[in-house]
Amino acid sequence: MRNTQPVRGPVVPSRGPLRPLGTDEVRITGGFWKIRQHVNGEATLGHALEWMDELGWTGNFTTVANGAGSRERKGREFSDSEVYKIVEAMSWEHGRSPAAGLDARIEALTADIAAAQAEDGYLSTAFGRDWQRPRHSDLAWGHELYCTGHLLQAAVARTRTAGEGPLLEVARRAADHVCEVFGLDGTGICGHPEIETALVEFARLTGEQRYLDQAALFVDRRGHRSLPAHEFGWSYFNDDVPVRKATVLRGHAVRSLYLACGAVDVAVETGDDDLLGAVAAQFDRTWARRTHITGGMGSRHQDEAFGEDFVLPADRAYAETCAGVATVMLAQRLLLATGENRYADIVDRVLHNVIATAIDDDGRSFFYANTLHQRTPAQPPTGGERLDVSGGLRAPWFEVSCCLPNTARLLASLSSYLVTADDTGLRLHQYADSDVETTLADGRPAGLRVRTSYPDDGDVAVRVTRSGGNPWSISLRVPEWATGAVLVVDHERRPVAPGDAVVTRDWAVGEEIRLELPMRPRFTWPDPRIDAVRGCVAVERGPLVLCAESLGESDLDALRVCTGHGPEPSGDGAVVRARFDASPDSAWPYGEPSGRPGAPVALHLTPYHRWARRGPSTMRVWMPTA
């Protein structure tokens, strides 16, 4: 099916079995994600801008435009990208909930950005002037093309929500400069992929083939060890193996996932099924062997990278929030390109266990990394930029604060991830209170009202609000974990297996179907090849991973779960039978088993996304068994 309608969303492929519905067609109206969208719009965007203003990241554009010296530039070499990401987030937010103040700030930032652009279209506040390093003199670490990619994506968001304007022209000139310097007669790739997917989306927006061609060039140049050798190896940059020949995602997790997104975009737009199949196979293997139970990607702190297969220690889980955003981006692209709802299951898991975990309730602090085992309570932030990205408390700001604006842009555009259309009707992939109004492939109107308390409850009610006559289908995703789900149609209850529950009829306005997903908590055991958590068990409830958390009243290192009794529901969490064994008092931590078993107690588990919201605590997802 080819897309025949303009869609207001971050990913708009021109072909594929599924057409995403945009933020103008799906509106989140309440519940779990509405709360988070509201906090994002009311607090997080302003919080991020305050920090960027105070630290001088936004001021860099006027500083270089005025010809000031290098000592006056603030932030890391990639700080421009954070400004672009927050402009993108504000653009999606303004499209979702228009506000005059937000629009004015976007326009003011656009003017500052435009003032810093060179006559030939080059745009960076860190390179290229007499007092700075030369342009493109450090492709491995300079992030110039990476920053340009986020500029293009900000322009896409602004144009799709507010129409053509100055930011689009700034981005067009920057994209043209990239094509001129790095085109067929040029060489080079960026150490941090991102420009690839941005160029494809910019091509989709503008209809200009040269941007797509340039993205394809960048994808094909990757993997030939053209970047300088580094202690982390060429895999860190995904420059060790050509994209088409790789078997798994490796190296720096965010870089790897962003490159995979760009490769999928190129494959879809060029009809390259071999490239699409290669990337899908890499991601499938990565999901099966290199992913934490939360959907978090990355188990190595030193290089923010994937470990080898099954190297997934809970207490050293890195699972960067940006990698969670990138995983959602990639899984959604594969869903649209293949129509396979298992990728929507992945989006579901990562949204509820990484994205929902990252931002604090007030929207003004966040996790950079997402551990699965906090052994000792973390110390509260002391103010200023935090340098250490690990630890068990959300911080207001980090020296590298990519994760907050990245999450902000995802939350602001989240409604575009919920529903798609195909040749037969509408498909619901993510469940949230929402209103849907769109046009089917044949031009007929279709509308739905979705009401649910998911993920805290498993009931999803879907009522038809518009219908143009003749049969069309409503498809509901039944998650992989939902054995025992029931579909209710015309008061008749039908068991449905994991996959797609499809009802096709000549819908009348007011008709309703309901999906009942089983939300009883369940034990989950790790693959025995994951040595770090062998002999442990986790508990899940619906899409939520649960955890044990202690504010100091118990030693979670002594915890043992009694799996002879299954977990019982308790609110949106669970209760398990457990004991806390007395630890041996020994001068040497090896030898015969010792210590005294504790008495069985009822242990209350809470959703992982809620941990560390009451202050410093210890926490563990994987719990040793008795």
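Two strands are counted as paired if DSSP finds at least two bridges between them. In this predicted model, that criterion applies to strand E4 (residues 419–421) and strand E5 (residues 425–428), which are joined by three bridges and run antiparallel. Within this pair, Val 419 of E4 faces Leu 428 in E5.

The E4–E5 pairing is part of a broader arrangement. Five strands make up an open sheet of mixed pairing, and their order is E1-E4-E5-E9-E12. The edges of this sheet are occupied by strand E1 (19–20) and strand E12 (499–505); each has a single partner strand, so one side of each is left without a neighbour in the sheet.

Further pairings involve strand E13 (residues 512–516). Strand E8 (residues 459–467) runs antiparallel to E13, and five bridges join the two; here Ala 461 stands opposite Arg 514 in E13. Strand E10 (residues 485–489) also pairs with E13 in the antiparallel sense, over four bridges, with Leu 487 placed opposite Leu 515 in E13.

Attention may now turn to the helices, beginning with H1. Helix H1 (residues 31–55) contains 25 residues, and at 1.5 Å a residue it should span 36 Å; the C-alpha atoms at its ends are 35 Å apart, which agrees. The axis nevertheless bends by about 45° at Asn 40. Just after H1, Gly 56 adopts a positive phi of about 90°.

Helix H1 is also one of the elements that cover the buried residues of helix H13. H13 (residues 403–412) is mostly covered, with 10 of its 10 residues buried, where buried denotes under 20% relative accessible area. The buried residues of H13 include Cys 403, Pro 405, Asn 406, Thr 407 and Arg 409, as well as Leu 404, Leu 410 and Leu 411. Besides H1, the cover includes helix H3 (79–96), helix H5 (144–162), helix H9 (253–270), helix H11 (321–338) and helix H12 (342–358).

The nonpolar interior remains to be described. The largest nonpolar core comprises 159 residues, of which Phe 283 and Leu 517 touch the most other members. When residues up to four places away in sequence are not counted, Leu 517 touches Tyr 431, Tyr 454, Gly 458, Val 478, Pro 479, Trp 481, Ala 482 and Ala 485. Apart from the largest core lies another core, of 21 residues, and among its members are Ala 317, Leu 393, Val 545 and Met 619.

Key:
Residues numbered from 1 in each chain as written. Predicted model: local features only at pLDDT ≥ 70, side-chain atom pairs only at ≥ 80, totals over all residues. Heavy atoms only, no water. Core = buried A, V, L, I, M, F, W, Y, C linked by side-chain atoms within 4.5 Å. Buried < 20%, exposed > 50% of the residue type's maximum accessible area, 1.4 Å probe, protein only. Contact = heavy atoms within 4.5 Å. Expected span 1.5 Å × (residues − 1). Bend = angle between axes of the 7 residues up to and from the residue.
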